[in-house]
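The exercises that follow ask the reader to work from the sequence and the coordinates, and each task is followed by a solution that goes step by step.

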Amino acid sequence: MQTIILDQPGQLRLTSTAVPEAPGPGEALVRVRAPTMLIVGDADHGVIELNRGAFERLQCEKRLEIVPRATHLFEEPGALDTVAALAGRWFRSHFRAVKT
């Protein structure tokens, strides 16, 4: 799943993605200006390091959350609830509702 909202032509307002792949190239990450939260399971060892590297390259407001006992699909009991709670708090504190 991926959602991208542009506030004005060419200006990124919000991006939300859930993919079990590595974050984008470092060159693109340094251009991100929207507040960004990375969420990864602590049992997803290769991806944790990739997310830590991406986190370091981000130049915006950022947060890295590591969900205990969770793999990259968050299929473990309670893991997806934890992800939803973290993401919900992040979106509520960083983005206002826009009427369409």
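**Exercise 1: A loop and its two residues with positive phi**

Arg69 has its place in the loop between β4 and α3, in what is a predicted model.

Task: Establish what the backbone of Arg69 shows, and whether Arg69 is buried or exposed.

Solution. Begin with the backbone, where Arg69 has a positive phi of about 55 degrees although it is not a glycine. Next, turn to the surface: the relative accessibility of Arg69 is 67%, and because exposed means over 50%, Arg69 counts as exposed.

Task: Carry out the analysis for Phe74, which lies in the loop between β4 and α3, and state which residues Phe74 touches beyond its neighbours in sequence.

Solution. The first step is again phi, which for Phe74 is near 55 degrees, a positive value in a residue other than glycine. The second step is accessibility: Phe74 has a relative accessibility of 13%, and since the limit for a buried residue is under 20%, Phe74 counts as buried. The third step is to list the contacts of Phe74, which, once residues up to four places away in sequence are set aside, are Ile39, Val40, Gly41, Val67, Ala79, Leu80 and Val83. For one of these partners, Gly41, the C-alpha atom is separated from that of Phe74 by 6.8 Å, although the two residues are 33 residues apart along the chain.

**Exercise 2: The nonpolar cores**

Task: Determine which residues make up the largest nonpolar core, and which helix gives the largest share of this core.

Solution. The largest nonpolar core has 9 residues in all, namely Met37, Val67, Ala70, Phe74, Ala79, Val83, Leu86, Trp90 and Phe95. When these residues are assigned to elements, the largest share, 4 residues, proves to come from helix α3 (residues 79–94). A second, separate core has 7 residues, among them Leu29, Leu38, Phe55 and Cys60. As a general background to this step, nonpolar side chains in soluble globular proteins tend to be buried together.

**Exercise 3: Two helices and their buried residues**

Task: Describe the span of α3, its buried residues and what covers them.

Solution. Helix α3 has 16 residues and reaches 23 Å from its first C-alpha to its last, which is close to the 22 Å expected at 1.5 Å a residue. Its buried residues are Ala79, Val83, Leu86, Ala87, Gly88 and Trp90, and their cover includes β3 and β4 (62–67).

Task: For helix α2 (residues 45–57), explain why the buried residues line one face of the helix.

Solution. Start from the length of α2, which has 13 residues and reaches 19 Å from its first C-alpha to its last, close to the 18 Å expected at 1.5 Å a residue. The buried residues of α2 are Val47, Ile48, Asn51, Ala54 and Phe55. Viewed down the axis of α2, these buried residues fall within an arc of 125 degrees, and they therefore line one face of the helix. On the other side of α2, His45 and Glu56 are exposed. The general rule behind such a pattern is that an α-helix has 3.6 residues a turn, so residues three or four places apart point the same way.

**Exercise 4: A buried threonine and an exposed arginine**

Task: Place Thr36 in its element, decide whether Thr36 is buried or exposed, and give its contacts.

Solution. Thr36 belongs to strand β3 (residues 36–41). Its relative accessibility is 16%, so Thr36 counts as buried. The side chain of Thr36 reaches the backbone oxygen of Ala34 at 2.8 Å. With neighbours within four places in sequence left aside, Thr36 is in contact with Leu58, Cys60, Glu61, Lys62, Arg63 and Trp90.

Task: State where Arg31 is found and how many residues separate Arg31 from Arg57 along the chain.

Solution. Arg31 is found in the loop between α1 (26–29) and β3, and with a relative accessible area of 60% Arg31 is exposed. Arg31 and Arg57 are 26 residues apart along the chain, while their C-alpha atoms are separated by 9.4 Å.

**Exercise 5: The chain as a whole**

Task: Give the order of the elements from the N terminus on, and the part of the chain that is buried.

Solution. The secondary structure comes to 3 helices and 4 strands, and from the N terminus on the elements run β-β-α-β-α-β-α. Of the 100 residues in the chain, buried residues make up 29%.

Key. Residues are numbered from 1 along each chain as its sequence is written. This is a predicted model: local features need pLDDT of at least 70, side-chain atom pairs count only at pLDDT 80 or more; totals for chains, interfaces and linings use all residues. Side-chain values use heavy atoms; hydrogens and water are left out. Helices (H or I, at least four residues) and strands (E, at least two) are DSSP runs, numbered from the N terminus. Buried means under 20% relative accessible area, exposed over 50%, partly exposed in between (1.4 Å probe, protein chains only). A polar contact is a pair of N or O atoms within 3.5 Å; within protein, one must be able to donate a hydrogen and the other to accept it, and residues adjacent in sequence count only if both atoms are side-chain atoms. Contact means heavy atoms within 4.5 Å. A nonpolar core is a set of buried Ala, Val, Leu, Ile, Met, Phe, Trp, Tyr and Cys residues joined through side-chain atoms within 4.5 Å. The expected span of a helix is 1.5 Å times one less than its number of residues. The arc is that of the directions from the helix axis to the C-beta atoms.
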